[in-house]
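Let's take a walk through a protein model together. Have a look at the fold first, then read on.

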Amino acid sequence: MIITVTLNAAIDKTLAVPNFRLGRRHRAVEQTSMAGGKGVNVARALKALGQPVIATGVAGGPTGTRIIEQLTDEAILNDFVRIREESRTSTAVVDPTSGQQTEINERGPSVSQSELALFTDKLLYLAKGAEICVFSGSLPRGVEATLYADLVEEMKRLGVMTVLDSEGEPLRLAARAEPTIVTPNELEAEELVGHEFSDDDDRLRAMSEMIEVGPKEAIMTLHSGCVALVDHGEGGTQRLYRARLEPLEPVSAVGSGDAFLAGYVASRYSERDSEDCLRFAVACGAESTQHFGAGVLDPREAQRLAPEVEVEELAEPAVAARN
């Protein structure tokens with residue numbers, strides 16, 4: 001079983017607005033509304049890929065009820081803790097004429113210590129039957145930035161692989177707790193290592209710098225794919241890879257990073273080798289851009305795209321894996 005954790009779940013509204021300009025009145029030509037938040041998007045993609053997944057987190061008010069009902073309607077197994085305050089709504093505006101997108105994310109609810117304790121108890125119970133736990137997205141108000149770090153420690157004690165996709169202080173603190181994998185985008189990776197990247201050499205050096213912070217493996221997502229420093233087989237080594245695919249003309253790129261993560265986790269869960277995991281992850285992220293709605297993808301098209309992904313082992317010496 002794979003668990004996805006979404007502590008700032010939302011109803012995600014995506015609007016297609018041609019020639020979008022600030023300060024003007026527009027009409028959407030297409031729109032969708034669905035349960036969202038990064039972990040929910042990952043769960044949706046994992047379900048499409050045929051993997052056993054359960055989505056958990058916190059949800060409150062009528063919006064929280066809609067989130068749970070929509071997940072149930074999609075046949076996505078879920079077990080959320082209900083909280084007092086209202087869950088948020090997030091809005092993405094996609095301009096099909098330019099490919100640009102604008103996202104507006106509400107601040108989200110405040111979560112009390114008693115509500116958080118209920119969630120933690122639920123997660124520890126679910127983890128007894130899990131192999132992988134994915135922590136995705138921001139933390140809600142009222143929650144200490146150390147929460148992901150604390151939960152990573154708990155998962156490690158239970159022997160559960162941990163995957164972390166967050167940002168800012170929660171990412172930095174949780175990375176020090178030595179999760180199995182961190183998967184930041186370029187901006188989040190710069191925050192994690194403490195400096196900007198001026199060229200490709202900086203990005204490649206940053207992979208080792210991220211490992212030095214604490215995680216056992218690191219994957220940095222890029223517009224055309226990713227670079228990754230990940231375990232290689234049973235030899236106790238890590239290798240540096242670059243995976244690339246010519247970007248497709250997007251319908252919407254909202255949630256493509258979540259689809260990428262789902263593809264990687266699905267492949268890792270199925271015990272595929274490192275190159276296949278990265279190849280399929282990039283294919284899933286690219287295929288998801290052909291759909292309107294976060295975490296939506298066609299598994300058959302992703303499989304078709306996978307052979308087109310170029311995976312290159314970079315000319316860096318293998319380094320001993322962290323214990």
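Let's start with glutamate 178, which counts as partly exposed because its relative accessibility is 27%. Here buried means under 20% relative accessible area, exposed means over 50%, and partly exposed is in between, with a 1.4 Å probe and protein chains only. You'll find Glu178 in the loop between α5 and β10. Its phi is near 65°, a positive value in a residue other than glycine.

Before we go further, a few ground rules. This is a predicted model, where local features need pLDDT of at least 70 and side-chain atom pairs count only at pLDDT 80 or more, while totals for chains, interfaces and linings use all residues. Residues are numbered from 1 along each chain as its sequence is written, and side-chain values use heavy atoms, with hydrogens and water left out.

Glu178 has a counterpart elsewhere in the chain. Glutamate 271 sits in the loop between α8 (256-269) and α9, and its phi is near 60°, again positive in a residue other than glycine. Is Glu271 buried or exposed? Glu271 counts as exposed, because its relative accessibility is 72%.

Now back to the helix that Glu178 follows. Helix α5 covers residues 168-176, and its buried residues are Gly168, Pro170, Leu171, Leu173, Ala174 and Ala175. What do these residues pack against? Their partners are α4 (147-157), β9 (161-165), β10 (181-182), α6 (186-193) and α7 (200-213).

Let's zoom out to the whole chain. It has ten helices and 15 strands; helices (H or I, at least four residues) and strands (E, at least two) are DSSP runs, numbered from the N terminus. With 323 residues, a compact globule would have a radius of gyration near 20 Å, and the chain agrees with that at 19 Å. That radius is taken over C-alpha atoms, and the globule rule is 2.2 Å times the number of residues to the power 0.38. If you boxed up the C-alpha atoms along the principal axes, you'd need roughly 55 × 45 × 35 Å.

How much of the chain is buried? Of the 323 residues, 53% count as buried. The accessible surface comes to about 14400 Å², and 46% of it belongs to carbon and sulfur atoms. Those areas come from the Shrake-Rupley method with a 1.4 Å probe, and for residues only the protein chains shown count as cover.

Contacts tell you how the chain folds back on itself. Take the contacts with a separation of 6 or more: residues 24 or more positions apart account for 66% of them. A contact, by the way, means heavy atoms within 4.5 Å.

Next, the inside. A nonpolar core is a set of buried Ala, Val, Leu, Ile, Met, Phe, Trp, Tyr and Cys residues joined through side-chain atoms within 4.5 Å. The largest one here has 50 residues, and those with the most contacts inside it are Leu46, Phe80, Ile219, Tyr264, Val265 and Leu278. Helix α9 (residues 274-288) gives this core its largest share, eight residues. There's also a second, separate core of 47 residues, with Val5, Leu123, Phe135 and Val143 among them.

Val265 is worth a click. Apart from neighbours within four places in sequence, this valine is in contact with Ile2, Leu46, Ile132, Val134 and Val163.

Here are three other residues to find, each paired with a partner further along the chain.

| Residue | Element | Partner | Apart in sequence | C-alpha to C-alpha |
|---|---|---|---|---|
| Valine 42 | α1 (residues 38-48) | Phenylalanine 197 | 155 residues | 28 Å |
| Isoleucine 83 | β5 (residues 78-83) | Serine 114 | 31 residues | 9.6 Å |
| Glycine 225 | β12 (residues 225-232) | Proline 247 | 22 residues | 8.5 Å |

Valine 42 is buried, with a relative accessible area of 0%. Not counting residues up to four places away in sequence, Val42 touches Thr4, Ser136, Asp258, Leu261 and Ala262.

Isoleucine 83 counts as buried at 7% relative accessibility. With residues up to four places away in sequence left out, Ile83 touches Val58, Ala59, Gly60, Gly61, Pro109, Val111 and Glu115.

Glycine 225 also counts as buried, at 7% relative accessibility. Setting aside its neighbours within four places in sequence, Gly225 is in contact with Met220, Ala243 and Val282.
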